[in-house]
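Me: I should be grateful for a close look at one sheet of this protein and at the strands that build it. Please then set that part in the context of the whole chain.

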Amino acid sequence: MKIFIRCLLFAFALVGTMTVQAQVAPHATGIDGTTVYLNDLEDHSWSYYSDPILPAQMRSLNPIDITITYYGYGTNTITTTSVANAPANSDFNGNVASNAVAVSATESANTFVYYKTLENADPDGTGNYPYTLIPNPFSKRPTSTDNGSQTITPTTREIYLTTTGSNTNNLSGTLTVTYTNASGNGASETVTIGRNTNNTRSITAKVGTTIGYSLSRTSNNGTVRSVARYDANNGTQIWDVSRNTSGTSTNSYPYTVAAGAGTPITCGVYRGFYAWRVKSMSDGLSIKVGGTTYSSANVANGIIIPAEEEVEFVSSNSTGNEIQFEALWAQAYVVTSNTATGLNPDVSYERNFVVTTTAITAGLAVPVTYSTRNPDGSGGSNNTVTLNTSTLNADTKFEYINLTGGNTITANNHYLCFGRGISRANNAGTVKGINANFTTALEYTLRLESGNISRLTFVDNTNNRTVNDRLLCKSILGCDYDRANEDNSKLSISAGNDLFFGLQLAINSDLNKYAEVFNCVVKSGSYQSNYWNEANNNKGDYQHSLYCGVNQAGTNTRQGIRNVTIEGGELGSVCGGRGVGQTTTTNNDPSTIVFNLRIKGGLMHGCVYGAAADNPSIGSRRFVITGGTIEGWIAGGTNGTALDNLERTGATNGDTYVYVGGNVLVGGANVKLVNSTPGGQVFGAGRGEVTKLGCVNNSNVVIADNSTISNPSSGGNVYGGGYNGYITETSNVYIVGGTVEGKVFGGAYGNDNEHGNNRDIPTANVTMKGGLVTGGVYGGSNSTGVVNTVTMHIDGGQVGVDDNNRANIHGGGYGQNTVVNGNVTLNIGSCDEGDAIVFGDVYGGSALGNVNANNNTKTIVNLKNGTIFGALYGGALGDVASLGAGHSNVPASVRDVEVVVTGGSVKTTTTDPQGVAGSGSVFGCNNVNGTPSGTVKVDIYKTDALRAKGSMLCTQCMAAATSRHMLAFRRLRCTAVMPA
């Protein structure tokens, strides 16, 4: 049952392809000799950097490429200053040979070269380019042959306080001394006075500050005298104060701590990492450090920057930028037992070393590195050391130790590093950031490069923790050396356990509301590996995910911003986290992007989702995925795993931005089934489940570049909605590149009709301007679900592979239970552009479902550009049982239909999968079954130009239908412009 106008089109469409070569670095990622190469360049032609049709949240304007080299050796890179905390640039006058520095004693690399594409800091592309310098990657450090004596001027002095009393049974009192300690903070010390006492205390006071006292006596019998002596002056007495009657004497004789004479000392042989110094910088590139901008002309004067410091590059060149750094090495302090004696509290953990083979029972109060080897990598053999310490008291690093004990180690607001050479043979324990409530600001780093860590919680895995000030947790997981070597065997985290940001955590200060609270970079290692095997490949809930937000949040939580970058490693699933424990706007603006996920590499065996497992949350989510492999699925919102609780709807009050481009593979040959949902799919909303619909406000899904969405058994589908998730406002799907080995839908897979949750998606927009979709493009949903209004722009790309592997375009949905209530507008090409190729048919209606379910709605199909190797129908497809097994009588419905052809080509094909002639034709109504219930209007004004004549051609227009259907036409027009 169809009314058609057949136009025999003798025009040929120009089909062109353009290949943009990605920039190629001088060296691929890997290790070549003593140089480690990390090629992290991204193609500036990728839509993320170049496509103006994408939302601003999914673009990064004006990127630059820069080569960044770090040398561990060089001229004038070692200082003979032994104890100074901040050596001057001129102090580095010793040379370090290339073989004196390496990743380790057995790994000879001494140079790291990064090829980086940096993103502009400002959304409009007018800003600078932030970059964080790497930490010290070298555990074989240089030694110094300069052991000569130097004279130093002390910055502190130790003073002994002594009190004596005599000849009384009633003598009592106190001596209280006030002073400035070595850290520059005010302090006090009290000594008790009693009968015939001789009490002594020692204090360490800062040179140049004043010591005062208060001497109090409570009886009149006997004599009391206070004496303070300065040890460097051979016990010279500085006070001799007596009080023979009761009362108090205060500061009668204050004492200013003098520096005294310098003391000769001998430099130790070992050196530790001090900072990075700029060695060279290309013309046209500048670096901004702490508000000061340096150019290549300043390099000769020395530009010293601490490790892990964020700087800004300033450049107007998109490529050709280059900067080189060299490591600076200063005096190391080495002891062989767990004691602070002999260490320097004023230097970093990279210069204090405890070289031990005995149990570590308590964390020192000075920054320190624990190792079984000397700082230059010599000695030791990775002895097994029991780690009994539970809470750190200072910045601490462990390296080259076979840690055992399985205890919990808490950073306690300090820098904690498991560096190179932590054996995986034993359980190194649980690592977490804090273990108590905090009313002061928190800023710490968890850096884990090697070892076997049973559980990791970036903040705390204990219930009911509160943070009442600023919170910022940073983490580096794995390292670039192992990433370059494609080695994930050195680090295991949470093999069968939790990997959480924080469990039940209230972040109460408004300082965190719109600030970064979590920054995590994954470089190498294996995470939650017990869930990778075939028996557990259906695991994707919160216990089996890198959970990047508060899990059980209180209503007062100011969740802040979580930024996560995955460059390598092997993971289970990744989850954006719940954050705030409600969906109202009390504590956050829903439009604020609270979770930013950047995936550039690595392998995820599970899924990636932007919000909680099944609980409600607030705030928008943003994924930019340009590399790596995700064997499961991607969902912008929640997962939807709690099937037994009808109240846990998984709603996300916020928008989603999901960019799948670059060279990423979603699904593939090892595609996984995760939470009963096939992998190789992308959802703009939450995955959702029956009763857990995983809704979001607005979704934005982009498939671009060289990405592939694949499921070999069922195809790889892309949805503006979710598996059972829906959109409360608008879904937007952009196909601008890549390959979708399945179907594209503006709507969802389906909604939960059984429980009355067949929710509407108010508006679905589908835009295609590039790429290949092999299974078809639909404005509506797949199995079930309601969309109110559909608008589609198919301006480029290809649908279907060839005449033998065809796919259709539908303004409506696919399944019989899909509905579009309102208007459908399907545009093939635009007035001035459009080179889309369709190997299949184009329909204004659905495949089997209904469109225009509401009164006074219509379906409009505009063909302006592009080539259709098939037929164009204003109506739907429908189905009839006579077609054989798997078919049934389904009269897909539409209401009013308009078809307008002002350009483009509709061409005949060599095959017709429905077995009905019609390719190369334009029809106003349905194909197989069903008919419009309103009016049908078809206007054909012109088709594409003949190459030879340069004119428009439509040589034959035919209408064939029953009289009933013909009466439904208000207008039937075929306009042809013949060749001259």
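Reply: The account below begins with one open sheet and then moves outward to the rest of the chain. The model is predicted.

The sheet consists of 4 strands in the order E8-E24-E21-E22, with antiparallel pairing. Its edges are strand E8, residues 129–132, and strand E22, residues 292–294, each of which pairs on one side only. From one strand to the next, the twist averages 30 degrees. Strands of a sheet are held to one another through backbone hydrogen bonds, in either a parallel or an antiparallel arrangement.

Strand E24 is a convenient place to start. Strand E21 (residues 285–289) is joined to strand E24 (residues 310–315) by 4 bridges, and the two run antiparallel. Within this pairing, Lys-288 has Glu-312 of E24 as its bridge partner. E8 is likewise joined to E24 by 4 bridges, again in the antiparallel sense. There, Tyr-129 stands opposite Phe-313 of E24.

How do the side chains along E24 alternate? Val-311, Phe-313 and Ser-315 point to one face and are buried. Glu-310, Glu-312 and Val-314 point to the other face and are not buried. Such alternation between the two faces of the sheet is what a regular strand shows. Phe-313, the residue opposite Tyr-129, therefore belongs to the buried set, whereas Glu-312, the partner of Lys-288, belongs to the other set.

Beyond the edge strand E22 lies a loop that deserves attention. Asn-298 is found in this loop, between E22 and strand E23 (304–305). With a relative accessibility of 25%, Asn-298 counts as partly exposed, because the buried class ends at 20%. Leaving aside residues up to four places away in sequence, Asn-298 touches Thr-293 and Ile-303. Asn-298 is also 12 residues from Ser-286 in sequence, with 9.6 Å between their C-alpha atoms.

Asparagines in two other loops have a notable backbone angle. Asn-413, in the loop between strand E32 (408–410) and strand E33 (416–418), has a phi near 70 degrees, a positive value in a residue other than glycine. Asn-856 has a positive phi as well, near 60 degrees, and is placed in the loop between strand E74 (850–851) and strand E75 (858–863). Its relative accessible area is 77%, so Asn-856 is exposed. Most residues other than glycine have a negative phi.

Parallel pairing also occurs in this chain, around strand E42. Strand E42 (residues 516–522) is mostly covered, with 5 of its 7 residues buried. Strand E38 (residues 471–477) pairs with E42 in the parallel sense over 5 bridges, and Cys-473 stands opposite Phe-518 of E42. Strand E45 (residues 561–566) pairs with E42 in the parallel sense too, over 6 bridges. In that pairing, Asn-519 stands opposite Asn-563 of E45.

The chain as a whole contains 3 helices and 83 strands. Of its 980 residues, 57% are buried. Among contacts with a separation of 6 or more, 79% are between residues 24 or more positions apart. The exposed area of the chain is about 35200 Å², of which carbon and sulfur atoms supply 45%.

The largest nonpolar core has 122 residues. The residues with the most contacts inside this core are Phe-398, Phe-418, Phe-458, Phe-501, Ile-634, Val-777 and Ile-809. Ile-809 touches Val-777, and further contacts of Ile-809 include Met-792, Leu-826, Val-838 and Tyr-843, not counting residues up to four places away in sequence. A second, separate core has 38 residues, among them Val-36, Ile-64, Ile-66 and Ala-484.

Finally, the cysteines merit a remark. How many disulfides does the structure hold? The structure holds 0 disulfides. A disulfide is a covalent bond between the sulfur atoms of two cysteines. For Cys-575, the closest cysteine sulfur is that of Cys-548 at 7.1 Å, which is too far for a bond because a disulfide requires sulfur atoms within 2.5 Å. Cys-575 counts as buried, since its relative accessibility is 0%. Cys-695 is buried as well, with a relative accessible area of 11%.

Note on methods: Residues numbered from 1 in each chain as written. Predicted model: local features only at pLDDT ≥ 70, side-chain atom pairs only at ≥ 80, totals over all residues. Heavy atoms only, no water. Core = buried A, V, L, I, M, F, W, Y, C linked by side-chain atoms within 4.5 Å. Buried < 20%, exposed > 50% of the residue type's maximum accessible area, 1.4 Å probe, protein only. Contact = heavy atoms within 4.5 Å. Pairing = 2+ DSSP bridges. Axes fitted to C-alpha atoms, helices over the stretch in contact; angles between N-to-C directions. Areas by Shrake-Rupley, 256 points an atom, 1.4 Å probe, with all protein chains shown as cover.
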